[in-house]
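User: I would like a close look at one salt bridge in this model and at the strands around it. Please add whatever helps to place that part within the rest of the chain.

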Amino acid sequence: LPHAKFFQSKAYNSVLGDVVREYPELEDDLIHLPDFQAVILEFFEFCQRCSPSHQVGVHQIRITSDSLHKGNPAPEGIHRDGVDLVGIFCVDRTNIRGGETHLYRSQKRSNPAFAKVLNPGELLIVNDHELFHFTSPIQAAAPEEGSRDVFVFTCPGIPYLPENEKQSSKF
């Protein structure tokens, strides 16, 4: 599908809800990588068992940290995305501590039903109707900058609806 803007309402994202976001387009070289296509196909095939949608949204996210600043993958806290399924695929973890992914049965901070640091190559798929998710902040493990790279997949994709636009932001 063509590149599209991204929108979530405040009901799903208390920090960036009601803000139209536009992320850089995925590069053609990435889209044509057989490994990338295989991960998307695996997520899509799982979605066909659990969702009537035939659309997958893909977001490429890098969170960085240095010795003075934590990187926060989920500033909105424990949340849902407002879709059927969410997939989190860990691409890389470099020089960091933290970044543990948690799943919860409710939005109230309680003991997570699941907690794991996703390692490169691992894909976690979450039923967004049944569970809330959160990823803890990362901190560089040495003086050099650290980073966590993931792809977040959603089924269906999270659409931008022009009539909902309140403010716009580029990331």
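Analyst: The model is predicted. In it, Arg62 forms a salt bridge with Asp149, and the closest N and O atoms are 2.6 Å apart. The two partners come from distant parts of the chain: Arg62 belongs to strand 2 (residues 57–65) and Asp149 to strand 10, with their positions 87 residues apart in sequence.

The two ends of this salt bridge are covered to unlike degrees. Arg62 has a relative accessibility of 55%, and because the cut-off for exposed is over 50%, Arg62 counts as exposed. Asp149 has a relative accessibility of 12%, and since buried means under 20%, Asp149 counts as buried. The contact therefore joins an exposed arginine to a buried aspartate.

Asp149 also has a place in the strand pairing. Its bridge partner in that pairing is Asp92, with Asp149 on the strand 10 side. The two strands concerned, strand 3 and strand 10 (residues 146–155), pair in the antiparallel sense over nine bridges.

Strand 3 spans residues 85–94 and is mostly covered, with seven of its ten residues buried. Strand 3 is also joined to strand 7 (residues 123–127), by five bridges, and these two strands run antiparallel as well. Within that pairing, Phe89 is matched with Leu123 of strand 7. Strand 3 thus has antiparallel pairings with strand 7 and with strand 10, and the strand 10 pairing includes the aspartate that Arg62 contacts.

Two backbone details occur where these strands give way to loops. Asn95 lies in the loop between strand 3 and strand 4 (96–98). The phi of Asn95 is near 55 degrees, a positive value in a residue other than glycine. Asn95 counts as partly exposed, at 24% relative accessibility. The other detail concerns Cys155 and Pro156, which are joined by a cis peptide bond with omega at about -5 degrees. Pro156 sits in the loop between strand 10 and strand 11 (167–170). For context, most residues other than glycine have a negative phi, and most peptide bonds are trans.

The structure holds two salt bridges. Besides the pair already described, Lys116 and Glu122 meet through their side chains, at 2.8 Å from N to O. Both of these residues fall in the intermediate class of cover: Lys116 is partly exposed at 27% relative accessibility, and Glu122 is partly exposed at 26%.

Some acidic residues elsewhere are not part of a salt bridge. Glu25, Glu27, Asp28 and Asp29 gather in a patch of negative charge on the surface; residues in a salt bridge are left out of such patches by definition. Glu27 is in the loop between strand 1 (19–22) and helix 1 (28–31). Its relative accessible area is 58%, so Glu27 is exposed. Glu22, by contrast, is found in strand 1 and is partly exposed, at 22% relative accessibility. Glu22 and Pro137 are 115 residues apart in sequence, and their C-alpha atoms are 23 Å apart in space.

To return to the part requested, the salt bridge links strand 2 to strand 10 through Arg62 and Asp149, while strand 10 is paired with strand 3, which is in turn joined to strand 7.

Key:
Residues numbered from 1 in each chain as written. Predicted model: local features only at pLDDT ≥ 70, side-chain atom pairs only at ≥ 80, totals over all residues. Heavy atoms only, no water. Patch = residues over 30% accessible without salt bridge, like charges linked within 9 Å, V, L, I, M, F, W, Y side chains within 5 Å. Areas by Shrake-Rupley, 256 points an atom, 1.4 Å probe, with all protein chains shown as cover. Salt bridge = Lys/Arg side-chain N within 4 Å of Asp/Glu carboxyl O. Lys, Arg positive; Asp, Glu negative; His and termini not counted. Charge placed at Lys NZ, Arg CZ, Asp CG, Glu CD. Helix = DSSP H or I, 4+ residues; strand = E, 2+ residues; numbered from the N terminus. Buried < 20%, exposed > 50% of the residue type's maximum accessible area, 1.4 Å probe, protein only. Pairing = 2+ DSSP bridges.
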